[in-house]
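Open the structure in a viewer and keep the sequence panel in sight. The stops below say what to select and what is there.

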Amino acid sequence: MSDKSNTTRVQRPSLSSNMRSSSYLQEHQQYRAPNKPEGHYGIDTVVEDMNATSITTSPSPIVPPKGLARFKGIPSPEHPPTIVESGLSHELSHPNCTPAPGTRSEKLVATLYYKSTAPRISNAIPSPQQASSPAGSQSPKGRASDSEIPANMAPSSSLDTFPLEPPTAEPEPLDHLYGSYISPMCITSFLHLMSSFPLPPGSSDLNSAHRCLKLDQAPDHHPLVVELTLSPGPSLDYLPLADLRKHELIYRFEREWNVDVALRADTLFRRYPRLVVFDMDSTLITQEVIDLLAATIKDPPDLAARVADITHRAMMGEIEFDSAFRERVKLLTGLPGTLFNDLRPVLDVTNGVRPLLRALKRLGVKTAVLSGGFLPLTSWLAGELGIDYAHANEVVIDEATGRLTGEVKGRIVGAERKRELLVEIAGKEGIPLDQVVAVGDGANDLLMMDAAGLGVAWNAKPRVQMEASARLNGDSLLDLLYLFGFNDEEISQLIE
C-alpha cells in the first residue's frame, strides 16, 4: 500500500504558453512529410510569425527583416497588410462582358482555318520562268494551272489594275518553320497585324480572346481552326468590314501562314442562322451536271470539251451565265430525257454535306438549293439530302421522241434569279436576311451571296474568293459550322 501511495502520477503532455504559436494548424497537425526538412516553414509562419522565426537550414541563418509587423486577423485601415512591390500588375478587365448602358460592343470575330490538305509549296528557290514556244503555244510547265501563284490570290477584281508581271517569289512559308497548324506565333502575327489598324474613337487598347474549335490527331493536339474575338475591331469609319476582308495585309498573312481568315462582326445573328442556301454543281456535288451530260455524247468527239470550256468561262465570270447556259443546252439537243435518271448514281456528293445538313436540321435551320443546272436532278438530290427548297432550270423534252429539244422553259436560274429566290424563300419563312447564309463557287452565285447576311465561297473561282464574305478551301463542307462558333465537341453532338 505504501508503494502505491508513493507513486507519482505522470502528467499529460501539454503546450506551455512559451511553446504556443499563433498558428492553429502548426500546433495540431498530425503528420509531416518525411522528406520535408526540419526547418521548413509554411505561409502561415511567413505571414503571422515572421519576427519570431529564424531559419537555419542554410549555412548562414536567414533572419527576417526588422520592422516586419505581425499580421493577425483581417486587415483594416488601422492595420493594413504589408505589400511588397513585385513589379507585376494584375487587374480585372471586361472586354467580353456586356457593354456599359448606352453603348454597344464593336467586337470582330476572326476564324482562322489551317489549310492542312493544301500545304503551300516552298518557293525559297524560285523556279525559272518557262518561255513560250516558237509556235505561240505554251509548254505544259508554262500553263497558268501549274503556276506557283494560286488562283485565289489575285490582288484585284479589276482587270485594269491587275499586274502585268507576276510578283516576285515570296520567302519560305512560315508554317513550315513554326508548325503545320495554327501556331502561337501565327496568332501573335495576326494580332500584331490587326493592331496596325486604327481603333474606334475612345478606344486605346485592343483586347483579344481565342477558342480552339478543331484539333488535329497529333499527340499534342495542335489547333487547326481557331476563333479569335477582337474587342474592339478596327474603326469602321477608317476601314469598312468589306474592305478589311480584301486588305492586302490579310491576303499576305493568309499566304504566309497557309490559312483562310474569315472576318465577321460579332453579332447575335452570327451564331444563329435560320436559312442556308447552297449552289449545287461544284458545291453540294463535286461535278458540273451539264459536263456529265455532254460526256455521254460521242459525236462530235470534242463536244464534251467545248461544253466544259463554256462552263469554266461562265463560272469565272468571263461570259454572261444565261446566254452561256442556253448555248450549252443547245449543244445537248437530241439527248434522251431519261438521261437525268441515269446520272443519279454518278453524282458525287461533296464530303461533309450529309452531316452538315443533318446538323442544320437538328438546329432547326431551313435549307435550299438554287442551281443553275437542271431541275430533275436538283429536285431528286434535294429529296435525298432532306433539303427544304429546290429550284433549277427546266429543259424542254419533246413528248413524241422523249428527247431534249435544246430549249429552256421559263427564266434561267442565273445570278439575278438566284438572288430573287433567296429573298423570296427568306420572306416566306419570315427570316431576316441577316440570318441567311449563301454558299457557292461560281460568279453566278455572287448576287445571292451579297444579299445574304453571310456569303461563303467554297473552293471557289478567283473572283468569287475575293468578293465573298468568307472563304473555305478545305476538303469538308462541314467546316461551315465553325463560322457559327461551334467546336468539334458540339458538332459531334449535332451529327450523331
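Start with the whole protein chain: among contacts between residues at least 6 apart in sequence, 64% join residues at least 24 apart. This is a predicted model. Colour by secondary structure, and the protein chain shows 19 helices and 11 strands. Of its 496 residues, 39% count as buried. Switch on the surface next: the accessible surface of the protein chain comes to about 29,000 Å², and carbon and sulfur atoms hold 54% of that.

**First stop: the four-stranded sheet**

Select strands E1 to E4, which form an open sheet in the order E2-E3-E1-E4 with antiparallel pairing. At the edges are strand E2 (207-215) and strand E4 (259-265), each of which pairs on one side only. Averaged over the sheet and ignoring direction, neighbouring strands are turned by 20° against each other.

Now pick residues 108-114, strand E1, together with residues 223-231, strand E3; six bridges join this antiparallel pair. Within the pair, Leu-108 stands opposite Leu-230 in E3.

Which helix touches E1, E2, E3 and E4? Add residues 184-194: this is helix H5, which packs on the sheet and whose direction makes about 30° with that of E3. Then add residues 248-257, helix H7, which lies across E1 and E4 and runs at about 145° to E4.

**Second stop: a surface patch**

Select Leu-177, Tyr-178 and Met-185, which make a nonpolar surface patch of about 300 Å². Tyr-178 is part of helix H4 (residues 175-178). The relative accessibility of Tyr-178 is 38%, so this residue counts as partly exposed.

**Third stop: the seven-stranded sheet**

Select strands E5 to E11. They form an open sheet with mixed pairing, in the order E8-E7-E6-E5-E9-E10-E11. Strand E8 (404-409) and strand E11 (470-472) stand at the edges; each has a single partner strand, so one side of each has no neighbour in the sheet. From one strand to the next, the twist averages 25°.

Go to E5 and E6, a parallel pair with four bridges. Here Leu-275 stands opposite Lys-366 in E6.

Move along to strand E9 (residues 436-440), which runs parallel to E10 and is joined to E10 by four bridges. Ala-438 stands opposite Gly-455 in E10.

How many residues of strand E10 (residues 454-458) are buried? The count is five of five. Show the side chains to see that both faces of E10 are covered: Leu-454, Val-456 and Trp-458 are buried on one side, Gly-455 and Ala-457 on the other.

**Last stop: helix H14**

Select residues 353-362, helix H14, whose buried residues are Val-353, Pro-355, Leu-356, Leu-357, Ala-359 and Leu-360. H14 lies across E5 and E6 and runs at about 155° to E5.

What covers the buried residues of H14? The cover includes strand E5 (275-278) and strand E6 (366-374), along with helix H9 (280-284), helix H15 (375-385) and helix H19 (488-495). Finish at Gly-364, just after H14, which takes a positive phi of about 80°.

How values were computed. Residues are numbered from 1 along each chain as its sequence is written. This is a predicted model: local features need pLDDT of at least 70, side-chain atom pairs count only at pLDDT 80 or more; totals for chains, interfaces and linings use all residues. Side-chain values use heavy atoms; hydrogens and water are left out. Two strands pair if DSSP finds at least two bridges between them. Helices (H or I, at least four residues) and strands (E, at least two) are DSSP runs, numbered from the N terminus. Axes are lines fitted to C-alpha atoms, for helices over the stretch in contact, and angles run from 0 to 180 degrees between N-to-C directions. Contact means heavy atoms within 4.5 Å. Patches are made of residues with over 30% relative accessible area and no salt bridge: like charges are joined within 9 Å, nonpolar side chains (Val, Leu, Ile, Met, Phe, Trp, Tyr) within 5 Å. Accessible areas come from the Shrake-Rupley method with a 1.4 Å probe; for residues, only the protein chains shown count as cover. A salt bridge is a side-chain nitrogen of Lys or Arg within 4 Å of a carboxyl oxygen of Asp or Glu. Buried means under 20% relative accessible area, exposed over 50%, partly exposed in between (1.4 Å probe, protein chains only).
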